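Here are my notes on this one, in no strict order of priority. Have the viewer open while you go through them.

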Amino acid sequence: MSKHANYFEFTPAEREYLESVNRMHDEMLSVYAAKNEDAVRNKTPRYDIIRPSYSYDADYIIHCPLYNRYADKTQVFSFYKNDDLTRRALHVQFVSKIARTIGRALKLNLQLIEAISLGHDMGHPPFGHKGEEFLSECYCAGTEAAGVKKRYFNHNVHSARIFRYILDNRLTLQTLSGIISHNGEKVCCEYSPAPLSDFQEFDALLENCYTDNNYHKKLRPNTLEGCVVRISDMIAYAGKDRQDLYRAKLITDKKFKEKRLIGTANSDIISNLVANIIKNSINSPSLNMDTAVFDDLKDLINENYEIIYKNKELNEPYYESVRPLMHGLYERLCLDVEERNFDSPVFRHYLNNPIYGRAYREDKKANGKITADKNEIVTDFIASMTDDYFIDISAAMHIDDKALSKIKYHEYFKS
């Protein structure tokens, strides 16, 4: 082997070939698609010639140290030992597949769609939307007590914060915009991109989301690909949550409608909505649905809220156990940060982490002085937790043993 041999650099001829491949991919896209050459980013990825910007984003997200935690983060049903119930890890894959099906038909950038899909729920705390609600209560109260403007927690905003500030700030502006704007709780008949040109504008938008609790609901992605992910997020959970309700055997007195235009089975809901969006969006700068289809989807989502998400039996354990534990853990960890209790898990398991612990230190040095606010640190730490870790840290620190004792799991072998 020659000491001068270079096995990992491309020759000029090889680079020319690869550049032609990248151009060909961009040229095949719709005029409304996000082109790889137009990606806005702070850092040029290694081997960018074979991993264009959005492809790199998807790789970076899936190899991110927090990606693994999707596997133990609740979607809707937290206290059920049932391997058939959806977790975040499966949900983001559903979103990615649905969105890429729509994107392929409309000749959009599938790499950007995949990146946004895989990263969109990274900021979800343990215990789903209830955990999100309780963590926001804590963050709001903590910042208000500190004498600063109240700050709120929302999972889509935190997903963007993770990649923009906590990790190494490598994602494109287009991916970040799709992530922060993905919140799909409100059904729209038309989805169209909104302008967003640079990171300075994005940072201002991000800050507004923390100080105005409703600001994030007004956001729209700056690409059509981001719009595809937003509607696909809703399509992914609309029927699946119903499916999970039956698998959890949590049947209520209220019944779902037996017939719908878009179907009642999860597979029909997905297929029909995808088909209708594609039919109405070919060669269009926006995503569109027929009014009758939109009305039926909206009614289905409202039905989900009444029968699933507002279900007393489903929600009671969150308020009896998770909420007091969340508030107690938040206060305890804030005290540990303030008193520099280096034996606390907030140091051992978070601030001392060589990857994301730097975000809170002077000049982002591994051994630098901690300069971040305690509320910021603790909110980020709790948001990073899985359901099981949250329970275990609460038990290990004896946060609220009475609240812990109220947690009852639906076991595999108990009726």
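1. Let's start with the cysteines, and keep in mind that this is a predicted model. Cysteine 138 is buried, at a relative accessible area of 3%. Is there a partner for its sulfur, and how many disulfides does the structure hold? The count is zero. Cysteine 138 is in no disulfide, and the nearest cysteine sulfur, in cysteine 334, sits 8.6 Å away.

2. Cysteine 227 tells a similar story. Its relative accessible area is 1%, so cysteine 227 counts as buried. The closest cysteine sulfur belongs to cysteine 188, and at 9.6 Å it is too far from the sulfur of cysteine 227 for a bond. The cut-off for a disulfide is a sulfur pair within 2.5 Å.

3. Next, the packing of helix H2 (residues 53-62) on helix H4. How do these two run relative to each other, roughly parallel or roughly antiparallel? Their axes come within 7 Å and cross at roughly 25°, and angles under 35 degrees count as roughly parallel, so H2 and H4 are roughly parallel to each other. The crossing of H2 past H4 is left-handed. On the H2 side the contact uses Tyr54, Ser55, Asp57, Ala58, Ile61 and Ile62, and these meet Gln111, Leu112, Glu114, Ala115, Leu118 and Gly119 of H4. By type, the contact residues are seven nonpolar, three polar and two charged.

4. H4 (residues 110-119) also packs on helix H9 (residues 224-238), with axes that come within 9 Å and cross at roughly 45°. That angle makes H4 oblique to H9. Here the crossing is right-handed. H4 contributes Leu112, Ile113, Ile116 and Ser117, while H9 contributes Glu225, Gly226, Val228 and Val229. The split for this contact is five nonpolar, two polar and one charged.

5. Where does valine 229 sit, and what does it touch? Valine 229 is part of helix H9 and is buried, with a relative accessible area of 0%. Leaving out residues up to four places away in sequence, valine 229 touches Val95, Ala99, Ile113, Ile116 and Ser117. Histidine 120 is 109 residues from valine 229 along the chain, yet their C-alpha atoms are separated by 8.8 Å.

6. For a contrast, go to arginine 104 in helix H3 (residues 88-105). Is arginine 104 buried or exposed? Arginine 104 is exposed, with a relative accessible area of 64%. If you want a distance to check in the viewer, the C-alpha atoms of arginine 104 and lysine 298 are separated by 25 Å, with their positions 194 residues apart along the chain.

7. Last, some backbone geometry to look at. Most residues other than glycine have a negative phi. Asparagine 169 has a positive phi of about 55° although it is not a glycine. Asparagine 169 is in the loop between helix H6 (155-166) and helix H7 (173-180), and at a relative accessible area of 16% it is buried.

8. Asparagine 283 goes on the list too, with a positive phi near 55° in a residue other than glycine. Its loop is the one between helix H11 (266-281) and strand E2 (287-288). Which is it for asparagine 283, buried or exposed? At 64% relative accessibility, asparagine 283 counts as exposed, whereas asparagine 169 is buried.

How values were computed. Residues are numbered from 1 along each chain as its sequence is written. This is a predicted model: local features need pLDDT of at least 70, side-chain atom pairs count only at pLDDT 80 or more; totals for chains, interfaces and linings use all residues. Side-chain values use heavy atoms; hydrogens and water are left out. Axes are lines fitted to C-alpha atoms, for helices over the stretch in contact, and angles run from 0 to 180 degrees between N-to-C directions. Helices (H or I, at least four residues) and strands (E, at least two) are DSSP runs, numbered from the N terminus. Angles under 35 degrees count as roughly parallel, over 145 as roughly antiparallel, 65 to 115 as roughly perpendicular and the rest as oblique. A crossing is left-handed if the near helix is turned anticlockwise from the far one by less than a right angle, and right-handed if clockwise. Contact means heavy atoms within 4.5 Å. Ala, Val, Leu, Ile, Met, Phe, Trp, Tyr, Cys and Pro count as nonpolar, Asp, Glu, Lys and Arg as charged, and the others, Gly among them, as polar. Buried means under 20% relative accessible area, exposed over 50%, partly exposed in between (1.4 Å probe, protein chains only).
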